Amino acid sequence: SETTEETTEVAEETTTTAEDEETTAANVKTYEYKSDDVNVTVTLNNPADLPDEAELTVKPVELSKEVKEKIIKDAVGEENEELVNNINAYDITFKLEGEEVQPKAEVKVAISKLGIEEEVEAFVYHVDDNDKIEDMGGKVNKEGDVVFDTTHFSEYAVLAASGIVDLSRNSIDNYDALLKDMKNEVEKETETNIPITNWKRT
C-alpha cells in the first residue's frame with residue numbers, strides 16, 4: 001500500500017526499523033482550526049497529551065491599550081513603535097464537553113493567514129488573566145506561519161514588525177540607525193564629501 005511504501009522509504013533514509021517509524025508516526029497528532037481570518041494548527045508529540053474528543057477553538061480578542069503598550073515596549077521598544085505593522089490576538093483553547101482542557105506536555109502551535117511577508121519579524125506573547133505578558137519566543141517559518149511552543153492555552157498576541165536591514169544587509173534596531181547608515185553611505189559616495197546635516201525621515 002502507499003503507506004507501506006512511505007514507511008519503508010523513511011526507514012531506509014534514517015536507518016531505523018519500520019516498527020520505530022510506526023511508533024513515531026503514532027506519537028504525532030494534529031488539531032486544526034480554519035476560518036476566513038486565521039488558521040491555527042496544534043501538533044502533539046504524544047496523542048495522550050489531550051483527550052481524543054477535545055476540540056480546538058480560536059476566537060479573536062481585543063487587547064486593551066495598556067497590554068498593547070506592554071507588548072510593543074517589550075518586543076521592539078517604545079522608540080520603535082512605528083516599526084509595528086499590527087498586533088493580532090486570539091483566545092486559543094481546547095474544550096471537552098464545554099470545559100477547557102490543557103495539554104499534559106509541550107505542544108507546537110502554528111498560526112497562518114496573518115499576512116506575514118519577508119523582512120517581517122513576529123513576536124508571540126501569552127497574556128494571562130491579570131494582563132501580564134510572557135514572550136513565547138515565536139518565529140516565522142519559511143511558509144510565513146508564526147510558530148511557537150507552549151504547555152498552556154489561553155490568550156496569545158502576535159505582533160508583526162517590519163524587519164529593517166541596512167545597505168550591508170545587517171540587522172539594525174530602529175529608524176534612527178537606518179537613517180544614519182543611509183546618510184553615511186551617501187556621504188561616502190559624494191565626491192565633495194559634504195556632510196549631510198538635515199537628514200530626516202519623511
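Select Thr43 and look across to β6, where Lys108 stands opposite it. The model on screen is predicted, with local features requiring pLDDT of at least 70 and side-chain atom pairs counted only at pLDDT 80 or more, while totals for chains, interfaces and linings use all residues. Residues are numbered from 1 along each chain as its sequence is written, and side-chain values use heavy atoms, with hydrogens and water left out.

**The five-stranded sheet**

Now widen the selection to β2, residues 39–44, and β6, residues 107–112, which pair in the antiparallel sense over five bridges; two strands are taken to pair if DSSP finds at least two bridges between them. The strand and helix names follow DSSP runs numbered from the N terminus, with helices being H or I runs of at least four residues and strands being E runs of at least two. Along this pairing, select Asn39 and then its bridge partner in β6, Ser112.

From β6, move to β10, which runs antiparallel to β6 and is joined to it by five bridges. Here Val109 can be selected together with its bridge partner in β10, Phe148. If the view is then extended to the whole open sheet, its five strands appear in the order β1-β2-β6-β10-β9, with antiparallel pairing. Each of β1 (29–34) and β9 (139–140) has a single partner strand and stands at an edge, so one side of each is left without a neighbour in the sheet.

Before leaving β6, colour the strand by accessibility: five of its six residues are buried, where buried means under 20% relative accessible area, exposed means over 50%, and partly exposed lies in between, with a 1.4 Å probe and protein chains only.

**Three salt bridges**

Side chains of opposite charge can pair when their charged atoms come close. The structure holds three salt bridges, each being a side-chain nitrogen of Lys or Arg within 4 Å of a carboxyl oxygen of Asp or Glu.

Return to Lys108 and add Asp149, with which it forms a salt bridge whose closest N and O atoms are 3.6 Å apart. Asp149 belongs to strand β10 (residues 146–150) and Lys108 to strand β6, so the pair ties together parts that are 41 residues apart in sequence. Lys108 is partly exposed, at 45% relative accessibility, and Asp149 also counts as partly exposed, at 28%.

Next select Asp52 and Lys29, which form a salt bridge with their closest N and O atoms 2.9 Å apart. This pair links distant parts of the chain, 23 residues apart, with Asp52 in the loop between β2 and β3 (55–60) and Lys29 in strand β1. Asp52 is exposed, with a relative accessibility of 55%.

For the remaining stop of this kind, select Glu62 and Lys68, whose side chains meet in a salt bridge at 3.2 Å, N to O. Glu62 is exposed at 68% relative accessibility, whereas Lys68 is partly exposed, with a relative accessible area of 28%.

**Helix α3**

Select residues 65–75, which make up helix α3, and within that helix pick out the buried residues Val67, Ile71, Ile72 and Ala75. When the helix is viewed down its axis, the buried residues fall within an arc of 135 degrees, so they line one face of α3; the arc is that of the directions from the helix axis to the C-beta atoms. On the other side of α3, select Lys65, Glu66 and Lys73, which are exposed.

To see what covers the buried face, add β4 (84–96), β7 (120–127), β8 (133–135) and β11 (155–162), against which the buried residues of α3 pack, a contact being heavy atoms within 4.5 Å. Following the chain out of α3 leads to Gly77, whose phi is positive, near 95 degrees.

**A loop, then the whole chain**

In the loop between β7 and β8, select Asp129, which counts as exposed at 80% relative accessibility. Add Ser154 and display the C-alpha to C-alpha distance, which is 8.9 Å for two residues that lie 25 residues apart in sequence.

Finally, zoom out to the full chain, whose secondary structure comes to four helices and eleven strands. Buried residues make up 36% of its 202 residues, and among contacts between residues at least 6 apart in sequence, 65% join residues at least 24 apart.
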